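Grab a coffee and open the viewer: here are a few exercises to work through with the model in front of you. Try each task before reading its solution.

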Amino acid sequence: MLAGQTGGDEKGDYAPDMASQVGTALKRVVKLLGEGGAGPEHIVRLTWYLTSRSEYEAAGPGIGAAWKETLGRNFPPSTLLYIEGLVDYRAKVEIEVRLQGLPREALPASAALRPERGDSRILCRAGRGRPRQAGRYQQ
């Protein structure tokens, strides 16, 4: 699992609109996957935490363009949850990623890896590329 990625950039700034934040979050996801030897084809589920249904719906075309640019023609199942807010009040979206089929030897030494059922692998990375403290993964 890739820890939730928000739409904040490397400086910690957030664009004011939902589509831009989704684009930034998806770019962060793809970058971290690449660091772990994976790509969008390894994604088996996305969980989106969104702060506004109306903003999400209005941003549809921009989100579609960001998706095409980052994930291409990979369309894993997604769950969208509308929530009151995120830890950083400027964040409008956080995206968690579940991976499968990632070979152990492809991971960087800094990644926390825990085997799942079958050949699933869980990659936990906190935002900004720091390893997340290993804990028991709950489904």
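**Exercise 1. Find the glycine that follows α3 and give the sign of its phi.**

Step 1: go to the end of α3, which covers residues 60-70 in this predicted model. Step 2: the glycine that follows is glycine 72. Step 3: read off its phi, which is positive, near 60 degrees. You can repeat the trick at α1: just after that helix, glycine 37 takes a positive phi of about 80 degrees.

**Exercise 2. Work out how the buried residues of α3 are arranged around the helix axis.**

Step 1: list the buried residues, which are Ile63, Ala66, Trp67 and Thr70. Step 2: look down the axis of α3; these residues fall within an arc of 100 degrees, so they line one face of the helix. Step 3: recall the helix geometry: an α-helix has 3.6 residues a turn, so residues three or four places apart point the same way. Step 4: check the other side of α3, where Pro61, Lys68 and Glu69 are exposed. Step 5: ask what does the covering; the list includes α1, β2, α2 and β3.

**Exercise 3. Trace the aromatic pairs that involve tryptophan 67, and decide how each is arranged.**

Step 1: a search of the whole structure turns up three aromatic pairs. Step 2: take tryptophan 48 with tryptophan 67; their centres are 6.3 Å apart and their planes differ by 5 degrees. Planes under 30 degrees apart count as stacked, so this pair is stacked. Step 3: place the partners; tryptophan 48 sits in strand β2 and tryptophan 67 in helix α3, so the pair ties together parts that are 19 residues apart in sequence. Step 4: move on to tryptophan 67 with phenylalanine 75, also stacked, at 6.0 Å centre to centre and 5 degrees between the planes. Step 5: compare burial; tryptophan 67 counts as buried at 11% relative accessibility, whereas phenylalanine 75 is exposed at 58%. Step 6: put the group together: Trp48, Tyr56, Trp67 and Phe75 make one aromatic cluster.

**Exercise 4. Draw the sheet: strand order, pairing sense and edges.**

Step 1: write down the order of this open four-stranded sheet, β1-β4-β2-β3, and note that the pairing is mixed. Step 2: mark the edges, β1 and β3, each of which pairs on one side only. Step 3: add the twist; neighbouring strands are turned by 20 degrees against each other on average, direction ignored. Step 4: fill in the senses. β1 and β4 are antiparallel over three bridges, and glutamine 5 has isoleucine 95 in β4 as its bridge partner. β2 and β4 are antiparallel over seven bridges, with isoleucine 43 opposite leucine 99 in β4. β2 and β3 run parallel, joined by five bridges, and tyrosine 49 stands opposite leucine 81 in β3.

**Exercise 5. Check the length of α1 and say where this helix packs.**

Step 1: count the residues of α1, residues 18-35, which gives 18. Step 2: at 1.5 Å a residue the helix should span 26 Å, and its end C-alpha atoms are 26 Å apart, so the two agree. Step 3: pick out its buried residues, among them Val22, Leu26, Val29 and Leu33. Step 4: name what covers the buried residues, including β1, β2, α2, α3 and β4.

Step 5: α1 packs on the sheet, touching β1, β2 and β4, and its direction makes about 150 degrees with that of β1.

Notes. Residues are numbered from 1 along each chain as its sequence is written. This is a predicted model: local features need pLDDT of at least 70, side-chain atom pairs count only at pLDDT 80 or more; totals for chains, interfaces and linings use all residues. Side-chain values use heavy atoms; hydrogens and water are left out. Rings of Phe, Tyr and Trp (its six-membered ring) pair if their centres lie within 6.5 Å; planes under 30 degrees apart count as stacked, over 60 as edge-to-face and the rest as tilted. Helices (H or I, at least four residues) and strands (E, at least two) are DSSP runs, numbered from the N terminus. Buried means under 20% relative accessible area, exposed over 50%, partly exposed in between (1.4 Å probe, protein chains only). The expected span of a helix is 1.5 Å times one less than its number of residues. Contact means heavy atoms within 4.5 Å. The arc is that of the directions from the helix axis to the C-beta atoms. Two strands pair if DSSP finds at least two bridges between them. Axes are lines fitted to C-alpha atoms, for helices over the stretch in contact, and angles run from 0 to 180 degrees between N-to-C directions.
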